[in-house]
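Here's a quick tour of a protein model, meant to be read with the structure open beside you. Have a look at it first, then work through the points below.

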Amino acid sequence: MYLLELGGEDDAFAAREAASAAAGIRRIAPGLVVAGRIVPERVRGLAYTHRASELLGRGDADLASARAVLEAAAIDREGSVAVRATDVHGSSDVSTERAERELGQVLVDRGFSVDLEDPDHLLRVAFSAGKLEGDAEGNALKRTENELERVAGDGREESTGERVSVCALGWLEAESVRDFGTRAPTDKPFFQPGSMDPLLARAVANLAGAQEGATILDPMCGTGGVLVEAGLVGADVIGTDAQAKMAQGARENLAHFLEREEPSPTGARRGSWHVGRGDAMRLPLADDAVDGVVFDAPYGRQSKIDTHRLEDLVAGALAEAHRVAPRAVMIADRSWASEARAAGWELESAFERRVHRSLTRYVMVLERRSP
């Protein structure tokens, strides 16, 4: 069993992304999930999970409980150790410095030496208290089509959930690479206002199935931000955009980040890429040509569409995505659930990502409907 420490403010979305690198995900407290299995290499490429640890045990969110868990735990490791504690969102009022000191002493009493600089083993201790929104599998924002339409319409969500108090201890197994600041949209060779930030771009790429051996398509690729993040976790990527300027800009960005000799910071090989000017409603690809599709649909009145009504463009893009891939992730400023179902998709899950006061992005994860 493994403990995953989530990041960001939306645990349901973070847990759904974490499922691309882990199996048997179950939420246990705000900011914390457990999983039956992880793929360490893929954990390194997650956006909204910071770390994964081999679970040693868990109790209530207080230091006495943490001590009891550690004193009773079977430990089959040797060598030096260090302890790092966190109080998720400051929710438990546990002193992390005191926790590190006292739990470190428990390990010393059990025969371990302490090395704070370069330990052989790092014990992670997480304290979390608060309401556990949604169900245990992290489905707080999984919705029916009608529910998605309602939330998209009024933006309000009732807060329900049981109150939990948890401390969880585990040996660090893998950490995500936190280099997203090096790829801020304004720092890329080609920039356009409204470009997606690299954290969200990485997350939706992961939701679409980006990994080594997979091919990911973005038929409305814009500046290529999602394709860059998919390529950095090892996926081969294909992009099209109706505007020649955007297609050329995406080429510049993809060449800058993916055409390098050394592996990606995540440790994966950098994926190959191809970008061309094209119509998302008429893709020059064979049926089932790619493993996943992800696209950021034009946003309402601010979108510039010369040849299609927005509704026709989105419906056509969803139909083409359904033809070329078994999975799609769509980002938009509203629900397009009805159009997705009409194109043959099942709405697997949906999430809200608040950007600023006047913009909320809705992320829909789509799977082909079973025959």
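Let's start with the cysteines: Cys-167 is buried, and its relative accessible area is 0%. Keep in mind that this is a predicted model. We'll go from the cysteines to two sheets, then to a helix and a little group of aromatic rings.

**Cysteines**
- Cys-221 is buried too, with a relative accessible area of 5%.
- A disulfide is a covalent bond between the sulfur atoms of two cysteines.
- How many disulfides does the structure hold? The count is zero.

**The eight-stranded sheet**
- One open sheet has eight strands, and if you walk across it you meet them in the order E3-E4-E1-E6-E10-E9-E7-E8, with mixed pairing.
- Strand E3 (26-29) and strand E8 (113-114) sit at the edges; each has a single partner strand, so one side of each has no neighbour in the sheet.
- E3 pairs with strand E4 (residues 32-35) through three bridges, and the two run antiparallel.
- To spot this pairing on screen, find Arg-27 and look across to Val-33 in E4, its bridge partner.
- Helix H1 (residues 11-18) packs on this sheet, where it touches strand E1 (2-6), E3, E4 and strand E6 (49-59).
- The direction of H1 makes about 130° with that of E1.

**The seven-stranded sheet**
- There's also an open sheet of seven strands, again with mixed pairing, in the order E13-E12-E11-E14-E15-E17-E16.
- Which strands are at its edges? They are strand E13 (273-277) and E16, and each of them pairs on one side only.
- From one strand to the next, the twist averages 15°.
- E11 and E14 run parallel and are joined by two bridges.
- Look for Ile-216 here: it stands opposite Gly-292 in E14.
- Helix H8 (residues 244-258) packs on the sheet and touches strand E12 (236-241) and E13.
- The direction of H8 makes about 170° with that of E13.

**Helix H9**
- H9 covers residues 310-324, and at 1.5 Å a residue its 15 residues should span 21 Å.
- The C-alpha atoms at its two ends are 21 Å apart, which agrees with that expectation.
- Plenty of names turn up on its buried list, including Leu-310, Leu-313, Val-314, Leu-318 and Val-324.
- Glu-320 is also one of the buried residues of H9.
- What do the buried residues of H9 pack against? Their partners include strand E11 (215-218), strand E14 (292-296), strand E15 (327-332) and helix H10 (337-342).
- Strand E16 (345-356) and strand E17 (359-368) are among the partners as well.

**Aromatic rings**
- The structure holds two aromatic pairs.
- Phe-13 and Tyr-48 make an edge-to-face pair, 5.8 Å centre to centre and with 65° between the planes.
- This pair links distant parts of the chain: Phe-13 is in helix H1, while Tyr-48 is in the loop between helix H2 (40-43) and E6, 35 residues apart.
- Are these two buried or exposed? Phe-13 and Tyr-48 are both buried.
- Phe-13 also pairs edge-to-face with Phe-351, at 5.3 Å centre to centre and 70° between the planes.
- Phe-13 lies in helix H1 and Phe-351 in strand E16, so this pair ties together parts that are 338 residues apart in sequence.
- Phe-351 is buried, just as Phe-13 is.
- Put together, Phe-13, Tyr-48 and Phe-351 form one aromatic cluster.

Terms used
Residues are numbered from 1 along each chain as its sequence is written. This is a predicted model: local features need pLDDT of at least 70, side-chain atom pairs count only at pLDDT 80 or more; totals for chains, interfaces and linings use all residues. Side-chain values use heavy atoms; hydrogens and water are left out. Helices (H or I, at least four residues) and strands (E, at least two) are DSSP runs, numbered from the N terminus. The expected span of a helix is 1.5 Å times one less than its number of residues. Buried means under 20% relative accessible area, exposed over 50%, partly exposed in between (1.4 Å probe, protein chains only). Contact means heavy atoms within 4.5 Å. A disulfide is a pair of cysteine sulfur atoms within 2.5 Å. Two strands pair if DSSP finds at least two bridges between them. Axes are lines fitted to C-alpha atoms, for helices over the stretch in contact, and angles run from 0 to 180 degrees between N-to-C directions. Rings of Phe, Tyr and Trp (its six-membered ring) pair if their centres lie within 6.5 Å; planes under 30 degrees apart count as stacked, over 60 as edge-to-face and the rest as tilted.
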